[in-house]
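Reader: I am new to this structure and would like a short tour. Could you guide me through some of its parts?

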Amino acid sequence: MKIISLLFLFFFSLGIHAQKTSGTKLHRPETSELTDEVVYETGRSWEAYKKYAWGHDVLKPLSRSFEDWYAEPLYISPIDAYSTLKMMGLETYASEIETYVVDSLSFDKDIDAKVFEVNIRILGGLLSMYELNKNEKVLEKAIDFAERLMPAFQTKTGIPTYWVNLKTGKARGDTVNVAEAGTYLLEMGILSYYTSNPKYYQAAKRASMAIYERRSSIGLIGDVIDVNTGKWISEKSHICAGVDSYYEYLYKSYIIFPDPEIKAVWDESIKGIQRYLADDFENDLWYARVNMHTGEKLSYVITLYDAFFPALLALSGDIDKAVRNQESWDRLWNLYGIEPVAYDYRQKIATYPKYDLNPEIIESSYYLYHFTGDKKFLEMAKRYWKSIMKYCRTDVAFTMIDDVRTMKQGDHMATFFFAETLKYFYLIFSQDSGLYSFDDYIFTTEAHPFKRSSFSTDELHTRLGIK
Ligand code: DMJ
């Protein structure tokens with residue numbers, strides 16, 4: 001049995017090696033051992049997806065089976081995984097996905113898809129696939145998919161509905177959170193650029209502006225809104241899950257499409273966040289939930305998704321707060337050995353103890369290692385990798401943790417594990433090799449990479465309709 005396993009490992013490693021060298025277009029210098037380990041583990045997990053879940057949305061690593069988000073599969077894992085496999089030089093895997101997308105994938109399905117979730121995964125994934133391989137047929141798929149999302153934006157406010165039927169275009173779901181309302185500027189802006197058709201960016205911008213225009217007199221927004229009346233359904237203001245990527249897209253989209261109106265929204269928004277949400281508590285810097293009209297603190301429950309914020313603070317130039325916030329996240333990670341989805345930092349209890357293989361804390365350590373050069377951020381990422389290897393690794397891939405207090409494994413490998421978590425580990429561990437230069441890229445909220453130089457400043461205004 002042992003000999004068989006060793007033989008398998010030997011031939012599997014040969015397979016990975018062949019993947020990295022056959023048909024590789026990207027320059028791939030020598031990397032550190034940890035980088036190789038990440039590539040190996042990605043290849044191993046990808047083989048498991050192909051073996052047990054090919055054609056479906058998600059791999060269930062414990063039962064070695066699969067699940068789909070809807071009645072029919074949308075091929076979400078492969079589309080989300082493509083840019084990571086490609087960046088790692090796993091060319092054969094990447095081209096298998098490209099071939100499937102071009103030859104066999106159809107979005108003409110009678111299913112109601114969640115507009116936000118499929119925008120960041122499917123549209124973002126297809127656009128980065130095009131960015132990386134310049135296959136016009138992939139762009140056609142991206143346009144086809146975006147066109148199927150567009151009816152969702154036909155509301156009184158311009159904020160998209162929660163669902164849209166991919167076949168009929170019938171939109172439904174009047175109540176959305178702010179992330180679902182305003183995380184479109186990057187994907188839609190990039191599509192406008194590629195097609196020279198401003199309508200996508202303009203729809204995304206109208207939705208984000210509709211949120212901002214409904215801010216309170218102290219400059220804060222709520223977190224849940226009615227897409228037709230524009231009335232706030234929930235008036236809690238925060239940067240946590242359900243709002244997070246709205247802020248992320250204001251700043252990141254401004255970096256590649258210098259739209260002054262969007263920059264003004266970011267500048268005003270971050271002032272309110274720092275003034276009312278920032279909470280110095282004991283040694284930590286956290287961002288609390290407050291009433292949007294009064295600024296009164298309402299809750300000290302944070303979610304692991306909020307760990308995207310140090311990255312955003314660092315990118316926007318506030319290194320001090322980024323470092324302090326990241327150090328707080330790091331202490332929380334160390335408390336359990338892996339971070340829980342939700343945690344009350346004043347009561348010091350995990351209010352939702354699961355871990356879904358999320359990337360944010362790793363993403364922020366990558367940004368901070370780049371901006372500060374301080375090795376402690378690299379060491380953080382090494383610790384996170386070690387924990388994930390220890391607690392989430394299975395015989396075939398990686399899986400979620402049902403409860404970080406007991407480390408009991410659940411049976412689910414989220415699509416963003418391929419798109420984001422593995423990619424950010426790879427990027428931080430290979431950072432010193434200069435393989436990918438941080439400053440050359442912008443990453444969507446699902447970590448799909450786009451070269452900043454792909455967007456010519458001379459062209460942007462016309463193609464996106466920026467005044
Ligand atoms: C990802 O799907 C995206 O980053 C999204 O914006 C929120 N977080 C998840 C992963 O945790």
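Author: The following answers cover a helix, a cavity, a sheet and two aspartates. This is a predicted model, in which local features need pLDDT of at least 70 and side-chain atom pairs count only at pLDDT 80 or more, while totals for chains, interfaces and linings use all residues. Residues are numbered from 1 along each chain as its sequence is written, and side-chain values use heavy atoms, with hydrogens and water left out.

Reader: How many residues does helix 9 have, and how far does it reach?

Author: Helix 9 (residues 199-212) has 14 residues and spans 20 Å from its first C-alpha to its last, close to the expected 20 Å. The expected span is 1.5 Å times one less than the number of residues. Helices here are DSSP runs of H or I with at least four residues, strands are runs of E with at least two, and both are numbered from the N terminus.

Reader: Is helix 9 largely enclosed or not, and why?

Author: Helix 9 is largely enclosed by the rest of the structure, because 11 of its 14 residues are buried. Buried means under 20% relative accessible area, exposed over 50%, and partly exposed in between, with a 1.4 Å probe and protein chains only. Among the buried residues are Tyr200, Lys205, Met209 and Tyr212.

Reader: Which residues line the largest cavity?

Author: Its lining consists of Tyr212, Arg215, Gly219, Leu220, Ile221, Tyr246, Tyr247 and Ser269. A cavity is a set of points on a 1 Å grid over the protein atoms alone where a 1.4 Å probe fits but cannot get out, and lining residues have an atom within 4 Å of a point. The largest cavity holds about 50 Å³ of space.

Reader: Changing topic, what is the strand order in the open sheet of three strands?

Author: The order is 9-12-13, with antiparallel pairing. Strand 9 (236-237) and strand 13 (297-299) stand at the edges with a single partner strand each, so one side of each has no neighbour in the sheet. Two strands pair if DSSP finds at least two bridges between them, and two bridges join strand 12 (residues 289-291) to strand 13.

Reader: And Asp330, buried or exposed?

Author: Asp330 is buried, with a relative accessible area of 9%. Asp330 lies in helix 13 (residues 319-336). Leaving out residues up to four places away in sequence, Asp330 touches Ile361, Met380, Arg383 and Tyr384, where contact means heavy atoms within 4.5 Å.

Reader: Where is Asp440 found?

Author: Asp440 is in the loop between helix 16 (415-429) and strand 19 (441-443). At 35% relative accessibility, Asp440 counts as partly exposed.

Key: On a 1 Å grid over the protein atoms alone, a cavity is a set of points where a 1.4 Å probe fits but cannot get out, and a pocket is an open set with protein on both sides within 12 Å along at least five of seven lines; lining residues have an atom within 4 Å of a point. Grid points are joined across faces, edges and corners, and a volume is the space filled by probe spheres set on the points.
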